[in-house]
Amino acid sequence: MSPAYIFKLRWSLPALLSISLLSRLSASPTHEVVHAFSLPPQQPGYGGLLRVNDGSLWGTTLAGGTYGLGTIFRASTDLTRIETIVAFSDGAGSTIGREPRAGLIEDSSGFLWGTTMGGGSRDHNGTVYKVHKSTGQVTTVVEFTGKSGPLRGSTPVAALVQSNDGSLWGTTS
């Protein structure tokens, strides 16, 4: 039988550097750091890890990546390979949105869904996005418009939830 592991993300905030650690805890009392993400000070992530149906682990970082605006990452089941799938750019590259504070959810169609608490085309009120697991292609689905406009709301900081009928639900500030 293969060993059972519990995976966790731990965020520490020393005075000059914030490091998030992807850790593996085994059934025996051991703790192994398998990956350290270097992030700017005061910018931890909060989303946790999602094990999708192929066994891989997915997560987000609030900051870091090419543009410093957060990432989506994927780790192999045995944690021997960890890769950045998306570096949020808020339009500087091709990914609209910034600072994905919440974790991801997987829908029944094979997409991962998440929110960014900033970014978008109107006043940086945040977005809802989906990621194709196979290709890593990100599609911005909603760009919130703040107090007015067709998509009222801003700064979504919680993960989406999926109801029994397949609808996705979320909140904004």
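This report describes two sheets and the strand pairings that build them.

The model is predicted, so local features are described where pLDDT is at least 70, side-chain atom pairs count at pLDDT 80 or more, and totals for chains, interfaces and linings use all residues. Residues are numbered from 1 along each chain as its sequence is written, and side-chain values use heavy atoms, with hydrogens and water left out.

One open sheet holds 4 strands in the order 4-5-6-7, with antiparallel pairing; a strand is a DSSP run of E with at least two residues, numbered from the N terminus, and two strands pair if DSSP finds at least two bridges between them. Strand 4 (49-51) and strand 7 (82-87) are the edge strands, each pairing on one side only. Neighbouring strands of this sheet are turned by 25° against each other on average, direction ignored, where axes are lines fitted to C-alpha atoms and angles run from 0 to 180 degrees between N-to-C directions.

Another open sheet has 4 strands in the order 8-9-10-11, again antiparallel. Because strand 8 (105-106) and strand 11 (138-143) stand at its edges with a single partner strand each, one side of each is left without a neighbour in the sheet.

Three of the pairings are listed here with their bridges.

| Strands | Bridges |
|---|---|
| strand 5 (57-61) and strand 6 (71-75) | 5 bridges |
| strand 9 (111-116) and strand 10 (127-132) | 6 bridges |
| strand 10 and strand 11 | 5 bridges |

Within these pairings, threonine 61 stands opposite threonine 71 in strand 6, and phenylalanine 111 stands opposite histidine 132 in strand 10. Threonine 127 in strand 10 faces threonine 116, while its bridge partner in strand 11 is glutamate 143. The hairpin of strand 10 and strand 11 has 5 residues between the strands, and there glycine 136 takes a positive phi near 80°.
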